[in-house]
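Please look through the sequence and the structure shown here, and then follow the explanation below, which begins with a bound molecule and goes on to the sheets.

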Amino acid sequence: YLLTLVPSSFDIVGDIAILEKLEPELIPYKKEIAEAIMKVHTNVKTVLLKTGKVEGIFRIPNYELIGGIENYKTIHKEYGIKLKVDLSKAYYSPRLATEHNRVALQVKDGEIVIDMFAGVGPFSIMIAQRVKAKIYAIDINPNAVELIKENIRINKLKGEIIPLCGDVRNFSNILMNIANRVIMNLPGEAISYLDCAMKFLKKEGGIVHLYAFSKEEDFEKFNNDLSLKLSSLTEYYKILNFKEVRPVAPREWQIVIDFFAKPIQ
Ligand SMILES: C[S@@+](CC[C@H](N)C(=O)[O-])C[C@H]1O[C@@H](n2cnc3c(N)ncnc32)[C@H](O)[C@@H]1O
């Protein structure tokens, strides 16, 4: 009986299970649901329910403890890397693992990469684990940057990661024209930071991985707006890839656009 109540979609991060939401009729049974999850997934020690939207500049959700012990720190594994996370202090979602891997597979030895909204560092760590690249991992949340530093320590890395704490906009005036590749993983606002990405890129151009949210019916409008923006910021650009990353609501997606851009000098 309990098992039939377990929502089919929840995330597991290390030894913590996270429920995105619970149908109103299931709320009275939240404790039983948490128990059932821990029974099926014996390594899970904590069950959290997301409450409210991901808000604020640090993008940290609110959680309600619905079962197990109260704990937000854990070590999560994705594609051969270890990530120390603290769900109460810095953004992390296991749903981006495929993207971390997809982007990391494209990076070559010797590249300079700027991870503009690094969080606890999954893109940076996955790249540095595989290739001899130099990666600047930037985040405005000091707790996220502390976790990046720990993640550098606990993984065996070929590449070099330079963790930087602060508003990425400020760094774009310091680290100018150095990057072969820029990762923009702040899907709510990335478009408004495109000018920074162009400052980071080498004069001869480079690759940008841009994450965004869009309703399905707005995909075309999104592409048109992006093209307009890129026309004003670049000498040349070419869209290489447009794809859905994960659904965020009915007919609404997190999307990724990979493009080559040669910034205006
Ligand atoms: C979606 S999360 C990044 C997740 C991470 N890339 C991952 O894959 O797990 C966005 C991050 O951007 C950071 N952020 C927001 N505004 C920023 C800014 N102006 N400069 C630097 N970092 C910023 C937030 O603190 C947050 O950690």
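A polar side-chain atom of Asp 139 lies 2.7 Å from an oxygen atom of the ligand, a pair that falls within the limit for a polar contact, namely two N or O atoms within 3.5 Å, where within protein one must be able to donate a hydrogen and the other to accept it, and residues adjacent in sequence count only if both atoms are side-chain atoms. The model is predicted, with local features needing pLDDT of at least 70 and side-chain atom pairs counting only at pLDDT 80 or more, while totals for chains, interfaces and linings use all residues. Residues are numbered from 1 along each chain as its sequence is written, and side-chain values use heavy atoms, with hydrogens and water left out.

His 100 also offers a polar side-chain atom, which lies 2.7 Å from an oxygen atom of the ligand, whereas Val 168 takes part through a backbone N or O atom, 2.9 Å from a nitrogen atom of the ligand. Of the surface that the ligand exposes when taken alone, 600 Å², the protein buries 98%; these areas come from the Shrake-Rupley method with a 1.4 Å probe.

Around the ligand there are 21 residues, and those that come nearest are His 100, Phe 117, Asp 139, Val 168 and Asn 185; a residue is counted here if one of its heavy atoms lies within 4 Å. Sorted by class, this shell has 13 nonpolar, five polar and three charged residues, where Ala, Val, Leu, Ile, Met, Phe, Trp, Tyr, Cys and Pro count as nonpolar, Asp, Glu, Lys and Arg as charged, and the others, Gly among them, as polar. Both domain 1 (2–71) and domain 2 (92–263) supply at least three residues to the shell, the bounds being those of an automatic or database domain assignment.

The description now turns to the sheets. Four strands form an open sheet of mixed pairing in the order β1-β2-β3-β4; strands are DSSP runs (E, at least two residues) numbered from the N terminus, and two of them pair if DSSP finds at least two bridges between them. Because β1 (10–13) and β4 (60–68) stand at the edges with a single partner strand each, one side of each is left without a neighbour in the sheet. β1 pairs with β2 (residues 16–19) in the antiparallel sense over four bridges, and Val 13 stands opposite Ile 16 in β2.

Another open sheet, also with mixed pairing, has seven strands in the order β9-β8-β7-β10-β11-β13-β12, and its edge strands, β9 (160–165) and β12 (234–249), each pair on one side only. Strand β13 (residues 252–263) runs antiparallel to β11 (residues 206–215), to which 10 bridges join it, and Phe 213 has Gln 254 of β13 as its bridge partner. β12 and β13 are likewise antiparallel, joined by 12 bridges, with Ile 239 opposite Phe 259 in β13. These two strands, β12 and β13, form a hairpin with two residues between them, and Arg 251 in the turn has a positive phi of about 55°.
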